[in-house]
Amino acid sequence: MRIVFSIKSVIALLTGILFTATSYAQSAQITLGPDEIGENQAWTITITIQNDRLKNYDNFPDINGFRKRGTSTQSSTNIINGQISSSQSVIMTYLPTRQGVITVPSFTLKVNDKPINVPGKKVKVGPAVQQQRDPLRDFFDRPDDFFGRNETEFVDIKEDAFLALTTSKDEVYVGEGFNATISFFVAADNRAPLQFYELGKQITEILKKVKPSNCWEENFNIENIEGESVTIGGKDYTQYKIYQATLYPLNTEPVVFPAFDMQMIKYKVAKNPSFFGQNRKEDFKTFRSKPKRVSVKPLPPHPLKDVVAVGDYHLNERMRNVDIETGNSASYEFNIYGEGNISAVEKPIVKRDGNFEFYEPNVQQNINRQNNRVTGTKSFNYFMIPKEPGQYKLGDYFQWVFFNPAKSKYDTLKSKLTVYVTGESKKNEAIQSNDLGSFYDKLDNADNKLRPVANTHWQQWVFNGFIVLMVGAAVFLIFKKQ
């Protein structure tokens, strides 16, 4: 059976894009070359990825007694009984610099962001071995020699990117929310290859440094970092948000975000890139943000300015039936919804005049963090029992005051419902049920002055005489028995 190779088929084999197998697990392994080679033979370290794409890997180690000659790649796809498997390999070729035993120390190589520990070994390098020349084999095993190159020279390309913490507002009221976002911006015409490095660990340390202690935080909890096209100063960038939250100042102290650093992987690129050689080299670049400050204004004078919520709120109220009888319970929902710090919303002020008996409400809240806004609902479900027949506006009983920063003024949410109560008056029943007797009635009229206790010495004399009499009787009975 005759097999014919073409250059196009070879190139396609080496550069074909691998697709993920559905029935084989993804795995990575590192294989060391043989234990014994000739002085004129190559020794290799091979990274192999099964059923996945080789996204990134660390630099291959330097070994005393070997010198690096260059990398090559291999890929393959197999279909057996309908099952698809694929592999991709990167091979670093080493050439011995001397004869003798060369010690390859243990090392750790990170492949696709996962470290792999490789135990060391000893390689015996003997005299040169006569080899049969194969031009096709030389082409794959030593591509650098084939093209007349020895070492790859890498150059650093200036990046067009920056790290920044931005805020949606530069000045807010106490309790007014503003968005704080940490982003990495990359210009559309940037040519320097960049990649995030241990982002989870870095952002944890960054937030320890920059998160203000005088703010309530509603975190958007970014899980997937996706680029978003933005224009800054007439220039196109891709914005990668790595942290976003809405912050609500708790006092009038300014909110200060200090400068911070973040490390990125930046690749140097080959000065003379080749098809088979390593065309980029991993390096690191530290980016530093600029400090940011948000001023905080006090709320205007108001009797409730220290307790009111700040935001844009509205009222949605519900009551199943506005026609009720005295003595029967009814349910009323006072639902506050809008944009702001929903967690800081307190229950409305309830007027108590004896016409109704109000119980403490059941509270539910729902917070949504999306589209750069924090919105939600806080519901207060009241049970009430009317005591007196009549027509009542619930707006006289339920009111909730808040400050609207967009209008820079206070506003009040009031019920618009009217309740119609029928039946006999229950006020007297309530009074009777609360009557604790004449003794407790006297307590309301008693003062707190201390007075001496009344003279009861005659009672003590009678009690003592009784004791003496009992003791005498007991002694008399004892002697009488003897």
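This report describes two nonpolar cores, two small open sheets and three loop residues in a predicted model.

**Nonpolar cores**

The largest nonpolar core holds 29 residues, and within this set the members that touch the most other members are Tyr313, Met319, Phe334, Ile336, Phe398 and Trp400. Several strands contribute to this core, with at least two residues supplied by each of β22 (309-318), β24 (330-340), β26 (356-358), β28 (373-386), β30 (398-404) and β32 (418-422). Tyr313 can serve as an entry point for inspection: when residues up to four places away in sequence are not counted, Tyr313 touches the run Ile336, Tyr337, Gly338, Glu339, Gly340, Asn341 and Ile342, and also Val345, Trp400, Phe402 and Leu413. Apart from this core lies another one, made of 28 residues, and Val172, Phe178, Ile182 and Leu199 are among them.

**Two open sheets**

An open sheet of 3 strands follows the order β2-β9-β6, and its pairing is mixed. At its edges stand β2 (36-38) and β6 (100-104), and because each has a single partner strand, one side of each is left without a neighbour in the sheet. Neighbouring strands here are turned against each other by 30° on average, direction ignored. The pairing of β2 with β9 (residues 121-126) is parallel and rests on 3 bridges, and across this pair Glu36 stands opposite Lys124 in β9.

Another open sheet, also with 3 strands and mixed pairing, has the order β23-β32-β29. Here β23 (323-325) and β29 (390-393) take the edge positions, each with a single partner strand, so that one side of each is left without a neighbour in the sheet. The twist from one strand to the next averages 30°. Between β23 and β32, which run parallel, there are 3 bridges, and Glu325 has Thr422 of β32 as its bridge partner. The strand β32 (418-422) is also one of those that supply at least two residues to the largest nonpolar core.

As background to both sheets, strands pair through backbone hydrogen bonds, in either a parallel or an antiparallel manner.

**Three loop residues**

The table gives the relative accessibility of three residues that lie in loops.

| Residue | Relative accessibility | Class |
|---|---|---|
| Asn190 | 18% | buried |
| Glu198 | 35% | partly exposed |
| Asn371 | 68% | exposed |

Asn190 is found in the loop between β13 (178-187) and β14 (194-196), and Asn190 counts as buried because its relative accessibility of 18% falls under the 20% limit. A polar atom of the Asn190 side chain lies 2.8 Å from the backbone oxygen of Ala192. With neighbours within four places in sequence left aside, Asn190 is in contact with Lys158, Glu159 and Asp160.

For the other two residues the backbone angle phi deserves attention, since most residues other than glycine have a negative phi. Glu198, in the loop between β14 and α4 (199-210), has a phi near 45°, which is a positive value in a residue other than glycine. Asn371, in the loop between β27 (362-370) and β28, likewise is not a glycine and has a positive phi of about 55°. As for exposure, Glu198 counts as partly exposed at 35% relative accessibility, whereas Asn371 is exposed, with a relative accessible area of 68%.

Technical notes: Residues numbered from 1 in each chain as written. Predicted model: local features only at pLDDT ≥ 70, side-chain atom pairs only at ≥ 80, totals over all residues. Heavy atoms only, no water. Core = buried A, V, L, I, M, F, W, Y, C linked by side-chain atoms within 4.5 Å. Buried < 20%, exposed > 50% of the residue type's maximum accessible area, 1.4 Å probe, protein only. Helix = DSSP H or I, 4+ residues; strand = E, 2+ residues; numbered from the N terminus. Contact = heavy atoms within 4.5 Å. Pairing = 2+ DSSP bridges. Axes fitted to C-alpha atoms, helices over the stretch in contact; angles between N-to-C directions. Polar contact = N/O pair within 3.5 Å; in protein donor to acceptor, adjacent residues only side chain to side chain.
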